[in-house]
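Biologist: Before I look at anything else in this protein, I would like one part of it examined closely, with its surroundings described only as far as they help to place it. Please take the model below and go through it with care.

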Amino acid sequence: MKFKPNPFIGRFLIFIFLMVGGLQTLFGQEISNINVGYVAELHRLEVSFDLDAPASQSYDLSIFLNAFPRGLRKPVPQASVYGMNLMGVKPGFNQNFQIDIKSLKLPPHEYEVEISFQGLKVSKPSRQVDTSSLAKNELSNAKKESKLAFIPKEFSKIQFSMDDFETDTKFVAVGVNPIDIGGQQSSQTFGLQMGIIKQRIGYALTLKYAISNTPSTNLVSNNSEISNLPANVFYKFNDQTTTNRMAIIPSFLFGIKEYLYLRAGLGYGTRNVFWGIDKYDIKWTKNGTDWTKNTVLSQNGIEFETGFNLLIRRIHLSAGFNYLGLFKAPESKAFSDAWAGIGFNF
């Protein structure tokens, strides 16, 4: 029987097997009917077992947690065991104790629980049981005897492992900029993001573009006047404005949950603002219109993006905040916007 873990937390698969530490020539010694569960409220592993041996004997129990299939071997000290003194354990049925998982500070992984014992009054040398074959036998009987359990990893939130997420997906999301923090866009900015995520790490590429007709002009201005207007040409700013927008930003993702990733990246972006003007002759007779690029409100160069990506089954949600103007000129104004998109995980 398997205890299904909470989907918001990782898994520690416990393969329970018994390693018998001593063997008497006249009497059998056996630990059986092992059951393991997890007490979420206490962050403890609960173990029950039967110790079938001569009643006149007493035994010292040793407990280990072994990283599966091989790796860290962690002895469980008496201080982390509740409900039983591991020294001088008497034979009996339905004996139980708890292991304080939080106190062991184990990194997220799959672990085997190993139990061995020694008879205090047995002086003959003990024979070590083949634990590999015994583990296979225990696993084959797991469905019958309920010896498998999942342990949530809430107790080790501060210990990050780069391989404890099962996330492995590619994604694509499309969206729009609902908020132009740095100034109103005359045309809607659209976004496209694509990327790949493997376990805790991911990479993405964000593309942003505003569909607009960029004016063809060589006139430039600040917020008050045009600096390169030809002689004998007079003008007034009218109320017409147009903008364009483009960005390409590679970014890095880091998972804090299997379904939630934080994102940050640097790339290149542009945002140009054009103001309309009415042109006049020397008698202030209107003779045409033109555009001038506002260099105070226009930006191009390195663009910073931060945000998050949310994975909900096959649905992928992405949101971000962009800042253009990290190395802007002193007289110019930085531009920032926020965007959100929705897509699919493949």
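Biologist: Buried residues make up 47% of the 346 residues in the protein, and the residue I would like to understand is Glu305. Is Glu305 buried or exposed, which residues does Glu305 touch, and what lies elsewhere in the fold around which I should picture it?

Modeller: The model is a predicted one, and what follows should be read with that in mind. The protein has 3 helices and 19 strands, and Glu305 is found in one of those strands, S17, which covers residues 299–312. Glu305 has a relative accessibility of 0%, and because the limit for a buried residue is under 20%, Glu305 counts as buried.

The side chain of Glu305 has polar partners. A polar contact of 3.2 Å joins it to the side chain of Arg263, and another, of 3.4 Å, joins the side chain of Glu305 to that of Asn322. Arg263 falls within the range of strand S15 (260–280), while Asn322 falls within that of strand S18 (315–324). Leaving aside residues up to four places away in sequence, Glu305 touches Gln193, Thr206, Ile249, Ser251, Arg263, Ala264, Gly265, Phe321, Asn322 and Trp339. Of these neighbours, Gln193 belongs to the span of strand S11 (residues 189–198), Ile249 and Ser251 to that of strand S14 (residues 234–257), and Trp339 to that of strand S19 (residues 335–345). Contacts between distant positions also appear in the protein as a whole, where residues 24 or more positions apart account for 70% of the contacts with a separation of 6 or more.

Two of the strands just named, S11 and S19, share a partner in strand S10 (residues 168–179). S10 runs antiparallel to S11, to which it is joined by 9 bridges, with Thr169 standing opposite Ile197 in S11. S10 is also antiparallel to S19, through 7 bridges, and there Ala173 stands opposite Gly343. Ile197 appears again in a nonpolar setting, since it is included, with Phe171, Leu253 and Tyr261, in a core of 7 residues that is separate from the largest one.

That largest nonpolar core has 26 residues, and those with the most contacts inside it are Ile31, Phe49, Leu61, Leu65, Phe97 and Ile99. The elements that give two or more residues to this core are strands S2 (30–39), S3 (44–52), S4 (59–67), S7 (92–100) and S8 (111–119), together with helix H1 (101–104). In soluble globular proteins, nonpolar side chains tend to be buried together. Phe49 touches Ile31, Leu61, Met84 and Phe97, among others, when residues up to four places away in sequence are not counted. Three of the contributing strands also belong to an open sheet of 4 strands, antiparallel in its pairing and ordered S2-S3-S7-S6. S2 and strand S6 (81–82) stand at the edges with a single partner strand each, so one side of each is left without a neighbour in the sheet. S2 and S3 pair over 8 bridges, and Gly37 stands opposite Glu46 in S3.

To return to the strands around Glu305, S14 and S15 also bear on the aromatic pairs, of which the structure holds 5. Phe234 and Trp284 form a tilted pair, 5.5 Å centre to centre with 45 degrees between the planes; Phe234 lies in S14, whereas Trp284 lies 50 residues away in the loop between S15 and strand S16 (286–294). In contrast to the buried Glu305, Phe234 is partly exposed at 29% relative accessible area, and Trp284 is partly exposed at 45%. Tyr235 and Phe237 make an edge-to-face pair, 5.6 Å centre to centre with 80 degrees between the planes, and Phe237 is partly exposed at 28%. Ring pairs also link Phe234, Tyr280 and Trp284 into a cluster.

Finally, S17 itself can be set against an exposed position. Phe327, in the loop between S18 and S19, is exposed, with a relative accessible area of 70%. Phe327 is 26 residues from Gly301 in sequence, and the C-alpha atoms of the two are 7.6 Å apart in space.

Key: Residues are numbered from 1 along each chain as its sequence is written. Side-chain values use heavy atoms; hydrogens and water are left out. A nonpolar core is a set of buried Ala, Val, Leu, Ile, Met, Phe, Trp, Tyr and Cys residues joined through side-chain atoms within 4.5 Å. Buried means under 20% relative accessible area, exposed over 50%, partly exposed in between (1.4 Å probe, protein chains only). Contact means heavy atoms within 4.5 Å. A polar contact is a pair of N or O atoms within 3.5 Å; within protein, one must be able to donate a hydrogen and the other to accept it, and residues adjacent in sequence count only if both atoms are side-chain atoms. Two strands pair if DSSP finds at least two bridges between them. Rings of Phe, Tyr and Trp (its six-membered ring) pair if their centres lie within 6.5 Å; planes under 30 degrees apart count as stacked, over 60 as edge-to-face and the rest as tilted.
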